[in-house]
Every structure is written in structure tokens, then in C-alpha cells.
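Here are some notes for a colleague who is meeting this model for the first time. Please read them with the structure open beside you, one point at a time.

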Amino acid sequence: MTARRLVRYGSLGYLALILIAPVGLIFWRAFEHGFGTFWTAISNPDAMHALKLTLEVAVVAVPLNSIFGVLCGLAIVRHRIPGMGIVNAVVDLPMALSPVVVGLALYLLYANNGWFGTWLNEHGVRVLFAYPGILLATIFVSLPFVVREVVPVLREIGTEQEDAAATLGANAFTIFRRITLPAIQWAVVYGVVLTMARALGEFGAVAIVSGGLAGRTQTMTQYVQAAYENGANETGAYAASVVLAAIAILTLALMTVFGQREDSLGHRGA
Amino acid sequence: MAIEAHNVTKRFGDFVALDDVSINVESGSLTALLGPSGSGKSTLLRVIAGLEVADSGDVFISGKEATALAPQKRGVGFVFQHYAPFKHMTVWENVAFGLKIRRRPKDEVGKRVEELLELVQLGGLGGRYPAQLSGGQRQRMALARALAPEPEVLLLDEPFGALDARVRVELRQWLLRLHDEMHVTTIFVTHDQEEALELSDSIVVMNKGRVEQIAPPGQLYDEPANEFVMSFVGPVNKLDDAWVRPHDIELRHEPNGSTREAQIERIVRLGFETRIELVRDDGERLYAQLTRNEAEELELERGDIVYVRTRKEKTFSG
Amino acid sequence: MPRARRRALGAPTLSSGVALGYLSVVVLIPLAALVAKGTQGGWHHFWQVAWNPEAQAALKLTLGLALAVVGINAVTGTALAWTLVRDNFVGKRFVNALIDLPFALPTIVAGLTLLALYGPKSAVHVYAAYTRWGVLMALLFVTLPFVVRTVQPVLIELDREMEEAAASLGANRFTIFRRIVFPHLLPALLSGLALAFARAIGEFGAVILIAGNLPFKTEVAPLYVFQRLESGDTEGAAGLAVLLLVISLAVLLGIGGLRRYATRHDR
């Protein structure tokens with residue numbers, strides 16, 4: 001039994017050292033000087049604006065990626081169109097790419113002399129250092145999650161129920177609405193939770209395309225960095241971090257709940 | 001003619017699933033597609049349903065060309081091997097599905113669903129979910145669901161394959177009674193020759209994508225068209241060039257001119273029948289099937305020398 | 001004879017078209033623009049402009065740290081997965097949920113938390129800021145879930161009967177792990193490690209605060225790219241970024257290959 005104890009305490013100790021202690025500490029630091037200070041720090045206009053901007057971006061990025069996720073999942077699993085293997089690989093790219101690579105790619109595309117930037121600039125559309133750029137970066141990095149949750153479920157349930165509905169007279173749209181969608185709903189929900197978390201937490205790609213102007217194009221994560229590096233507002237940084245961490249913990253809770261729903265249907269892919 | 005298929009061919013890559021297959025199914029009949037795995041029987045059924053599209057050939061349903069029609073438009077009811085229940089719907093909702101999407105009035109739907117549930121002996125279980133039913137119950141639900149929109153044709157793909165032996169036997173009987181009551185043209189796929197012989201008016205024997213013979217059960221059994229049919233539909237011995245059914249082998253204690261000598265290796269008592277495994281004087285193995293009484297009267301023992309001859313045998317040229 | 005189309009479930013051409021279009025605009029075209037810029041002028045130009053000592057140092061450091069991360073995660077990740085599957089203790093469900101925290105937490109916050117604990121005002125008087133150790137810690141934080149989450153399902157599915165059979169044949173616990181369990185875990189472990197590797201070479205938000213921007217010392221490749229961009233050297237930035245892109249692609253292909261290898265018996 002000592003081997004078991006060793007593995008247990010070793011791994012849990014590692015977890016405490018790397019994960020639990022640091023996170024616990026920012027809660028401490030944020031409230032170190034009392035709740036009042038925390039509240040002042042978090043309710044200043046720049047912080048509020050950053051939060052608002054972050055949410056405005058997420059509220060568009062998440063539904064778009066979710067719809068795409070379902071369509072793409074269907075395309076990959078059900079429709080034997082050549083090249084779907086490549087699509088599958090491309091969808092995984094955002095998971096493996098550095099955020100600075102993403103940000104730089106977008107920067108080069110939409111800069112004034114970029115392929116799209118030239119045309120857009122002529123028509124007075126600002127992408128970089130403005131909302132659209134932040135949105136595109138966020139969409140890029142949070143793209144894969146719904147697809148990756150939906151694909152294994154679609155594979156597992158197979159086409160039999162859909163075939164049955166067809167023989168009973170249902171048209172393609174009815175089949176999708178009443179058979180396919182209910183079957184994948186928990187996978188979609190779980191994917192949406194992950195997408196949301198990623199969208200709210202993105203930093204690197206956004207840092208490059210947004211310029212980070214306080215009160216204008218600064219997202220919540222950028223605010224954390226700016227507040228910290230501007231030494232006098234460390235508490236502000238911790239306060240904003242606490243807000244983000246609280247959202248993260250809420251995400252974890254949702255992941256646990258919905259993950260179990262998915263699991264109990266036996267649908268969780270590896 | 002309720003269903004006709006003319007020269008249907010279907011390939012999956014290099015594999016030829018159906019090779020110039022033609023069948024005619026009479027209205028109101030119960031027909032079996034019988035064959036080993038890979039014979040194409042399920043593929044043929046799916047082509048008739050519209051779940052697969054043939055590479056060439058035609059399909060006619062109730063006299064109208066259906067080859068290019070989507071499954072929704074063919075008026076066929078399909079029961080899948082693993083039932084394909086709508087897991088997230090109750091039994092009631094499953095059965096009602098076909099009617100609901102046809103926008104039938106609520107009370108009509110309610111009445112019909114209740115009727116069908118009673119018919120398939122699932123009355124009172126409408127509120128359950130498929131996961132809460134047994135295999136046999138799920139199968140009956142699948143049948144009720146397929147029958148609800150009053151299809152012209154009912155197609156069953158190995159309907160009893162996934163059930164255990166007792167349930168299978170019960171459901172066979174039950175399907176027969178159902179068919180007698182409803183008179184819907186029915187085609188079912190099976191690899192079990194006993195099932196095919198027991199249930200169908202007509203059997204289509206398939207092998208390797210081709211039709212070997214189409215005939216009523218009695219004719220199929222007594223007048224098989226070739227070796228494959230004979231050996232697939234019923235037990236058989238091959239002796240030299242001839243094919244002999246075990247119950248066409250006579251055993252005597254005394255030689256009689258046309259008899260050959262053989263030694264009893266094993267006696268297996270299977271309830272009503274007794275199977276005698278023999279080795280002939282030239283080393284050929286065969287087995288005879290006797291009724292219990294016949295076997296008792298002969299008082300056979302293992303190791304006995306007996307004399308055998310065939311009452312009836314078939315040879316196939318070529 | 002008119003041939004009917006296979007039942008059009010979900011309108012295949014429409015949904016595939018939309019999916020492809022979306023992917024192109026969001027992912028493919030921007031990456032193409034990056035590759036175009038990064039390889040502009042050909043190989044010779046690339047070596048001259050992009051491949052300078054600072055870039056080389058950044059890449060070397062990045063790869064070295066990523067390998068260290070891989071090595072450490074191989075052990076700790078497996079141990080954590082094992083503990084979560086085979087062991088039982090109070091709060092196990094809580095710990096299990098906690099593993100996903102690095103996925104859910106914004107990277108900049110992760111960096112800040114580590115800085116709070118191991119930075120200049122460290123609560124435990126461990127000063128790892130502006131050192132490679134600090135960067136390593138940050139990378140370990142963000143890569144924590146990968147191996148655990150890929151290995152866990154395999155451990156859960158593992159047929160205990162195999163281990164019992166081995167035990168009845170006389171194998172001790174270590175041998176059972178080494179010869180029965182581990183071979184089954186290996187593909188999942190490698191997948192998880194590949195993901196951790198890709199994450200580690202690309203991590204930005206978690207390292208930016210704790211690294212402190214010291215070229216040749218703690219400047220990992222993503223920080224270098226960012227720095228070059230800030231100084232207006234888009235070519236230099238793009239050059240190394242393309243390298244990182246290629247490495248990421250290679251890792252993805254590797255994982256794909258691993259998956260096919262792992263499921264070869266199922267086909």
C-alpha cells in the first residue's frame with residue numbers, strides 16, 4: 001500500500017504546488033486590503049469597459065462557433081466529401097497554434113498593406129485595433145471546441161435513427177431538428193461552455209490585434225496585464241483576475257455537470 | 001404486384017453486393033430474403049426502402065416506379081435489426097412520430113397509438129423510455145412505430161437476430177398472427193432457414209449478390225434448384241455425388257441388396273428426433289434423422305453395424 | 001435513368017460549403033498571409049533576416065523547456081490519472097474537476113498567480129521570477145490537464161481482467177504495470193504529451209509576466225515574436241512564427257498518426 005500512498009500524495013502534492021497554491025493566493029491578494037479596496041479596484045471605468053468589451057466579443061463569437069461546430073461536425077461525419085480529413089485537421093489547428101502566431105497572421109492579413117487590409121482600408125472599415133479584429137482573433141482561438149465534442153457523438157450514434165425517421169416520412173430538416181440535434185445536445189452544451197471559457201480568457205492573439213487602449217480596445221485579460229505592469233495598480237490586476245478566476249471556476253462547475261450528462265449517455269469522446 | 005425489382009445491381013467499391021437481382025413480391029404476402037452474411041439480402045431490402053440507391057435497375061412499389069424516390073416518399077415501413085429507437089422519446093412518442101409529422105389531428109394520433117400499443121402488447125407502457133424496455137418489447141415498439149403511418153409495405157431487417165432463442169420463437173409466432181390480421185405486404189431478411197421456412201409464403205434464396213431460387217417453402221425444401229439451396233435450406237448429407245436429407249436415410253439391421261454397411265458412431269437424442277451419426281464402410285461420414293419412436297423400435301446402440309440406404313436423393317449437374 | 005441523390009440529410013453541400021467558407025475566412029486565409037510574409041524573399045532572405053542569434057536562442061530555449069515539460073508531465077500526468085481512476089479519497093471529485101482549471105483559466109491570470117507565489121513579493125519566499133524555472137512553472141501549469149485527460153479514459157476502459165490474469169500467472173504489481181497496463185496507455189500518453197508539447201512551445205500569456213523580457217535568458221519563441229512585432233520588424237516576427245506554425249503542424253500530424261496507430265486493431 002505504500003506505493004499507492006506515494007503515488008497519491010506525490011501527485012496531489014504536485015497539484016497543490018503548481019495549481020492550487022498560486023490560484024488560492026490571488027484570491028488572498030485581491031481581498032488582502034479588504035472588500036472595499038477590491039470593489040474600488042474592480043469598478044473603475046477602465047475595468048468595467050474591459051469587462052463589457054470582453055463580453056461583447058464573446059456574445060458573438062460563441063454562437064457563431066457553435067453553429068459552425070454543428071455544421072462542421074455533420075459535414076465531417078455524415079457527408080463523405082473528399083477533403084473532410086483535411087478539414088478535420090484544420091479544425092484542430094487552433095488548439096496547437098501559439099496565440100502570437102494567430103495574432104500575427106491576422107495582423108498581416110488586415111494591416112493596411114495586407115491582402116484584405118488594403119481593400120477594407122479603402123472602404124473605411126477598421127479591423128485591427130478595433131472590435132472586428134478582436135472578434136476575429138477570439139473566433140479563431142475558440143473555434144474547435146464544439147466540433148470536437150460533436151464529432152465523436154455523431155460517430156457513435158450512427159445513422160440508424162435518422163434512417164428510421166426517413167422511412168417514417170420525415171424530411172431532412174425535421175430529421176435534424178427532432179432526431180440529430182436532441183442526440184447531440186449535451187455535447188453541444190459542453191462544447192459551448194468550453195468555447196465561452198476560451199473566448200473570455202484569450203490574451204495573446206488579442207494582444208497583437210487590439211492595441212490595448214484602456215477604455216477603448218482593451219479586453220479584460222489585457223486589463224490584468226496593464227494593471228500589473230503599471231505597478232501602482234496591482235490590486236486592480238488581482239481584482240480583475242479574481243473576476244476572471246471566478247468565471248473560470250463557474251466554467252469548471254458547468255463542465256462537471258454537463259460532462260456528467262454527456263457521460264451518462266455514454267457519449268464522451270476521448 | 002406490390003413490389004418489383006428488375007435487374008438491380010449495387011456495388012460498394014469493389015465489392016458487388018447485388019448482381020442483376022430481380023424479384024416480384026405479391027401484394028399481401030409474407031416473403032423472406034434468405035441467405036448467408038454478405039449475400040446481399042439486407043442491401044436489397046435497403047434498396048427497396050430507398051436507404052441505398054442502386055447503381056442500375058428499377059424498383060417498383062405498388063405499380064409505381066420508385067427507383068428515384070427518397071425513402072420518405074415510398075410509403076414503406078422499416079424495422080431495423082437493432083430497432084433504432086428514438087432514445088430521447090417515450091414509447092408513445094416513438095410510435096406517434098410518423099403520424100405527428102404528417103400533421104394528423106391529435107385525437108386521431110392518440111387513438112391510433114393506443115390501438116397499436118395494444119396490438120403489440122405494449123399497452124400501458126407508453127410512458128416508458130426505450131432504455132427501460134426489454135429486447136423483445138423494443139422490437140415490438142419498432143414494429144408498432146413502422147406500422148403507425150399505414151405503410152403499403154413493411155420491411156424487416158433481421159428483426160429477431162438480436163434476441164435470445166425463446167423470445168425469438170415467441171415473436172415469430174406473433175409476427176405471423178399480426179400479418180394475418182393486417183395483411184400488409186411484408187418482406188423480412190433472415191439468415192435463419194428455419195425462420196424463413198416457418199413464416200413465409202415465398203422465399204428468395206440469395207448468395208453472393210445473386211438470387212439462387214424463389215419458391216414457397218415446401219417447394220424450396222423438396223425441389224432445390226442447386227447445391228447451394230439444398231445445403232442452405234435444411235440439413236443435408238453429401239454422399240459421393242448425391243445430396244441426401246438425413247430423414248431420407250433408412251436404417252436396417254439386415255442387409256437388403258441396395259444397402260451399404262455402416263457403423264454407428266454416436267446417437268444424439270434431441271427430444272422428438274434422434275440423430276444417428278454413422279461411418280459407412282468406405283469411410284464416408286453421414287447422419288440420419290429418425291423419430292424417437294423409429295429409433296426406439298430399432299433398439300440402436302453405439303458401435304452397432306447397420307445397413308443404410310437412401311429413400312430419395314438429388315444430384316445437380318455441373 | 002435518373003439517379004436519385006442519396007438522402008440529403010442536413011443538406012450536405014450547403015453545410016459543407018458553409019463550414020469550409022467559415023474555416024477559410026477565419027483560419028486558412030490568415031495563416032496563408034502569415035506564410036506568405038514569412039517566406040517572402042525565399043530561403044536566403046529568411047536565413048539573413050529571421051535567423052539571427054536572438055531568434056536561435058529563443059527557439060532553443062523554447063524547445064528545451066518544452067522537452068522538460070514533456071518529461072515531467074509524462075510522470076506527473078500519469079500519476080495523477082492513476083490516482084484519479086484507481087485510488088479513492090475524500091475530495092476526489094473535487095480534485096478531478098480541478099484538473100481542468102488550466103483550461104478554463106485565462107493564461108494571463110495563470111501567469112499572475114504564479115508570479116504572486118514565486119515572484120518578487122513571494123509569499124513563500126521562493127524567487128523564481130525572471131528565471132527559466134519561473135517560465136518552466138508557468139508551462140507546467142498550463143500543460144497540466146493534457147496528459148491526465150488523455151490517459152484517464154484509457155485507464156477507465158482498461159479491462160481489469162487482463163491484470164487479474166497476469167497476477168494469477170505470477171506477475172507482481174510493477175510487472176503488471178510495465179507489461180500489461182503501460183502498453184495500453186502508451187498511445188494516449190504520447191497523444192497527451194504531443195498536445196502538451198505544442199502548448200508549451202506556443203504559450204504566451206502565462207509566461208509574459210514571469211519571464212520579464214530578458215533576451216537570451218528567459219525569452220521564449222512566442223515572446224520573441226511579440227517583441228519583434230512591437231519593434232516593427234514584421235519580417236523577423238513572421239519568420240519565426242512560420243517556424244512555430246510548422247512545428248505545430250508536425251505535432252498535429254504526429255497525433256493523427258498516433259491515433260491511427262492506436263486504433264489499428266479496430267479496423
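**Notes on the model**

1. Before anything else, please keep in mind that this is a predicted model. A good place to begin is the boundary between two of the chains, where the rule finds five residue pairs in polar contact across the interface of chain C and chain A, with both residues of each pair at pLDDT 80 or more. On the side of chain C that touches chain A, the largest share is supplied by helix 1 of chain C (residues 12-38), which gives 19 residues. Sorted by character, the residues on this side of chain C comprise 61 nonpolar, 13 polar and eight charged ones.

2. How many residues of chain C are in contact with chain A? The count is 82 residues of chain C, and they meet 82 residues of chain A. The size of an interface is often given as the accessible area lost when the parts come together. For chain C and chain A the buried area is about 7200 Å², and carbon and sulfur atoms give 79% of it.

3. Side chains of opposite charge can pair when their charged atoms come close. Across the interface of chain C and chain A, the rule finds two salt bridges. One of them joins Asp87(C) to Arg4(A), whose closest N and O atoms lie 3.8 Å apart; since the rule accepts such a pair within 4 Å, this distance of 3.8 Å satisfies it.

4. Over all chains, the structure holds 33 salt bridges. Among them is one inside chain A, where Glu162(A) pairs with Arg78(A) and the closest N and O atoms are 3.1 Å apart. This pair links distant parts of the chain, for Glu162(A) sits in helix 9 (residues 160-167) of chain A and Arg78(A) in helix 3 (residues 45-78) of chain A, with their positions 84 residues apart in the numbering.

5. What elements make up chain A and chain C, taken one after the other? Chain A has 13 helices and zero strands, and its C-alpha atoms fill a box of roughly 70 × 70 × 30 Å along the principal axes. Chain C has twelve helices and, again, zero strands, while the corresponding box for the C-alpha atoms of chain C is roughly 80 × 65 × 35 Å.

6. Chain B brings strands into the picture, and one of its sheets is an open sheet of six strands, in the order 6-7-8-3-9-10, with mixed pairing. Strand 6 (76-79) and strand 10 (210-215) of chain B each have a single partner strand, so one side of each is left without a neighbour in the sheet. On average, neighbouring strands of this sheet are turned by 15° against each other, direction ignored. Strand 9 (residues 202-207) and strand 10 of chain B pair in the antiparallel sense over five bridges, and Met206(B) has Val211(B), in strand 10, as its bridge partner.

7. An open sheet of five strands is also found in chain B, with the order 13-17-14-15-16 and antiparallel pairing. Its edges are strand 13 (249-252) and strand 16 (285-291) of chain B, each of which pairs on one side only. Here the average turn between neighbouring strands is 45°, direction ignored. Within this sheet, strand 14 (residues 260-270) and strand 17 (residues 305-310) of chain B are joined in the antiparallel sense over four bridges, and the bridge partner of Glu261(B) in strand 17 is Tyr307(B).

Terms used. Residues numbered from 1 in each chain as written. Chains lettered and ligands numbered in written order. Heavy atoms only, no water. Contact = heavy atoms within 4.5 Å. Buried area = accessible area lost by both parts, 1.4 Å probe. Salt bridge = Lys/Arg side-chain N within 4 Å of Asp/Glu carboxyl O. Polar contact = N/O pair within 3.5 Å; in protein donor to acceptor, adjacent residues only side chain to side chain. Helix = DSSP H or I, 4+ residues; strand = E, 2+ residues; numbered from the N terminus. Nonpolar A, V, L, I, M, F, W, Y, C, P; charged D, E, K, R; others polar. Pairing = 2+ DSSP bridges. Axes fitted to C-alpha atoms, helices over the stretch in contact; angles between N-to-C directions.
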